[in-house]
Each structure stands twice: as C-alpha cells, then as structure tokens.
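Got your viewer open? Here's a walk through the model, one selection at a time.

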Amino acid sequence: MLLRAETIPIEPDPGNAGVGKLTEHLRCSAFFIDLNHRDISVSGKVKKDEKTQRKNLNLYNRNLCLFVSYPRVRGDNWGSGLKNMKKIDKDIGLYFIIDSGFTSDFVQMARLAIDIGLKIIQYRDKNADASEMLENAIKIRKLTEETDTIFIVNDNVDVAFNANADGVHIGQKDARYEDVRKLLPDKIIGVSTENMEQSLLANKIGADYLGVGPIFSTVTKPDAAPPIGVKKLAEIVKATSVPVVAIGGINLKNLESVLEAGVNGVAIISAILGSSNPEKEIKKIKNKINKYNQMKG
Ligand code: 3NM
C-alpha cells in the first residue's frame, strides 16, 4: 500500500494555511495511519481542539500520513453514505486489469470494457506516483460511476478512497486486510492469494473475493510466486466460499481449463493489452466464458 503525503490534499508543509486546511479536514472524520508501525487507528469525530490539532500536525510532520474522509468537502456521496454502492456477485466473468505496463490509455480501455459490459475493471499502475494515479483513477471513476461496471484500484488504498472507487485489491505484501477494512468499511476488498493457506485465511477474515494466482507463468508480474496450476486452483475454489478470480498467464487457449476449476472470474492483462486489438480480445474472452457457462447450465 502506498500512502504518501503528496496524495493528500493538505499543504505539504503545514504552516498557518495548512493548519486552517487541516482543521477543515479534522471537522470531518479522519483516519490516522502510522506508516512505521502499520497500526491504523480510526478516529470517529476528531475534536477541533488545539491539542488534537497539534498532536496530529506532529504526526504529519514526522512523516506519518493523514488519511481523511470528506463527506462534507466532497459531497454527500462520499464515505459510508455512498449512493449506488456496487457489490460483487458470484458471476464475475472477465475481470479486466488495465495495467500501466501495457497502456497509458486507461480511460479508453475503461470505456471499452464498459461498452462491452464487463462487470469489473481494475486500474493497476506500478509506474505512476500516487497523485498521478489518483488523477487517472478519478477519470475512470467518472466513467464507471453511472454504469454497472465495478471499479477497483490495485494496491493503493488511499487512491481507491480518494477516487471513490468501488473497491481496492491488495496483495500479500500490501496493507493488512483488517486495517484496510477499517478505512473502507463499505467497499469491495479483494485479496491476492498464492496458495491454500492464504486463501483460507483471506476467506475467513472477510475478503470480498480472492485473486488466486499465478495459475500459469506470467511475465506481467516478475515477482509473482511460482504458478499453482489449475488443480490447486480447483482445490482452493472448493475450500473457500467467497468468489474466486484466477489470475496469471490466462489466455484464450488455457481459459477453458481455468473455468473447469470452477472459478467465478478470470483476471487478464497481457492476453488483452498485449494484443493488437484489445477490444476484439475482450469480446472473444467474454464470449468464450459465456458459452462455457451456458454449456454448464
Ligand atoms: N497478479 P497476465 S499474476 C497482477 O499471481 C498479477 O497475484 C498475479 O497478468 C498474482 O494476465 C499477475 O498478463 C499478472 O499474466 C497477470
């Protein structure tokens, strides 16, 4: 998880103006995140008294991070009173990941996915800093807002929150699920898992879905664990109750073997974004999944 000061719309060096701005934020509910200790305490209504302000400015100055919700600043549909909150169901199908390693045309790709009727898209960006990511995420949010397409942000909880995405996807090396849940009580949280043990745990603690993989070898994620294959995948599907999305090296050729494992969805990057015609690839994959599901009744 990346939580950086520059992603937060308060003054980088809080002087008087910063205090004023911070005070405004503090009147909303605020979350303070201690990056050093990975301990997140959620403070409900933060009092606007001087002592609290000073304490929190000190936290900020020590390079800890302030993570703020703005139900008032940004409008009523922010935070837990969110309208049109989207929920994940079991019939996920193609989970398209728009990855900055393959495209910078995030908005165009999101539009494609929406037009084709995909249920979920994810924005994954390992190149941009958090403020750039937030800009892109807000654009994708605007596009997906009035549609049935769920919008998930990869890794960056603060970006997911500030862009008001439908959810966030976290890996085993990112923030702990329990901490993220405190910050995003009503949003979708997906968790990457690489084996049975991690899958059972993520299932138990309340992840909304599992991203299980890599199933096959993949060049898209160089630090991915060794591939687990479809047999292990099927065992994980059987042993867990939340939706399972398979990921890693999935393409049109091996798609059916993945579906045979009983997964709820397949997450794909390179087979789509590495092709000369992403739109055509998305449609082919979607059709193949539909046909498979019809065949299975
Ligand atoms: N996560 P492609 S594998 C982003 O195993 C990601 O958790 C993985 O890309 C995991 O479809 C992966 O190109 C890369 O193989 C998926």
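Start with the ligand and bring up whatever surrounds it: you should get 13 residues, the closest of them being P214, T218, T220, G249 and S270. Keep in mind as you click around that this is a predicted model. Sort that shell by class and you'll find 4 nonpolar, 7 polar and 2 charged residues.

Now put some distances on the screen. Which residue puts a polar side-chain atom 2.5 Å from a ligand oxygen? That's T220. Next, try the backbone: G249 has an N or O atom 2.7 Å from an oxygen atom of the ligand, and G213 has a backbone N or O atom 3.3 Å from a ligand oxygen. Switch on a surface and ask how much of the ligand is covered: of the 420 Å² of accessible area that the ligand has on its own, the protein covers 96%. If you run a pocket search, look in the largest pocket, as that is where the ligand sits.

While G213 is still selected, add P214 and check omega. The peptide bond joining G213 and P214 is cis, with omega at about 0 degrees. P214 belongs to the loop that runs between strand 9 (209-212) and helix 8, and P214 is also on that list of closest ligand neighbours.

Follow that loop into helix 8, residues 229-239, and pick E235. Is E235 buried, partly exposed or exposed? Its relative accessibility is 34%, so E235 counts as partly exposed. From here, draw a C-alpha line to A261: the two residues are 26 apart along the chain, and their C-alpha atoms are separated by 8.0 Å.

Next stop, G248. You'll find G248 in the loop between strand 10 (244-247) and helix 9 (255-259). With a relative accessible area of 9%, G248 is buried. Add A267 and compare the two: they are 19 residues apart in sequence, with a C-alpha to C-alpha distance of 7.5 Å.

Carry on past helix 9 to N264, which sits in the loop between helix 9 and strand 11 (265-268). N264 has a relative accessible area of 17%, so it falls on the buried side of the 20% cut-off. What does the side chain of N264 reach? Show the backbone of K90 and you'll see the N264 side chain at 3.0 Å from the K90 backbone oxygen.

Now pick out another long-range pair, L94 and G265. Their C-alpha atoms are 5.7 Å apart, although their positions lie 171 residues apart along the chain. L94 is part of strand 4 and is buried, at 3% relative accessible area.

Step back to K86, in the loop between strand 3 (65-68) and strand 4 (93-99). Buried or exposed? This lysine counts as buried, since its relative accessibility is 10%. Show side chains and backbone oxygens together to see where K86 goes: its side chain reaches the backbone oxygen of T149 at 2.7 Å and the backbone oxygen of T147 at 2.9 Å.

Time for some backbone torsions. Select D155 and read off phi: about 70 degrees, a positive value, although D155 is not a glycine. D155 lies in the loop between strand 6 (150-154) and helix 5 (157-162). At 13% relative accessibility, D155 counts as buried.

Then hop over helix 5 to N164, in the loop that leads from helix 5 to strand 7 (167-170). N164 also has a positive phi, about 55 degrees, without being a glycine. N164 is buried as well, with its relative accessibility at 5%.

Last selection: I116, in helix 3 (residues 106-116). I116 counts as buried, with 14% relative accessibility. How far apart in space are the C-alpha atoms of I116 and K286? Add K286 and you'll get 8.8 Å, for two residues that are 170 apart in sequence.

Note on methods. Residues are numbered from 1 along each chain as its sequence is written. This is a predicted model: local features need pLDDT of at least 70, side-chain atom pairs count only at pLDDT 80 or more; totals for chains, interfaces and linings use all residues. Side-chain values use heavy atoms; hydrogens and water are left out. A residue is near a molecule or strand if one of its heavy atoms lies within 4 Å of it. A polar contact is a pair of N or O atoms within 3.5 Å; within protein, one must be able to donate a hydrogen and the other to accept it, and residues adjacent in sequence count only if both atoms are side-chain atoms. Accessible areas come from the Shrake-Rupley method with a 1.4 Å probe; for residues, only the protein chains shown count as cover. On a 1 Å grid over the protein atoms alone, a cavity is a set of points where a 1.4 Å probe fits but cannot get out, and a pocket is an open set with protein on both sides within 12 Å along at least five of seven lines; lining residues have an atom within 4 Å of a point. A molecule sits in a cavity or pocket if more than half of its atoms lie within 2 Å of its grid points. Ala, Val, Leu, Ile, Met, Phe, Trp, Tyr, Cys and Pro count as nonpolar, Asp, Glu, Lys and Arg as charged, and the others, Gly among them, as polar. Helices (H or I, at least four residues) and strands (E, at least two) are DSSP runs, numbered from the N terminus. Buried means under 20% relative accessible area, exposed over 50%, partly exposed in between (1.4 Å probe, protein chains only).
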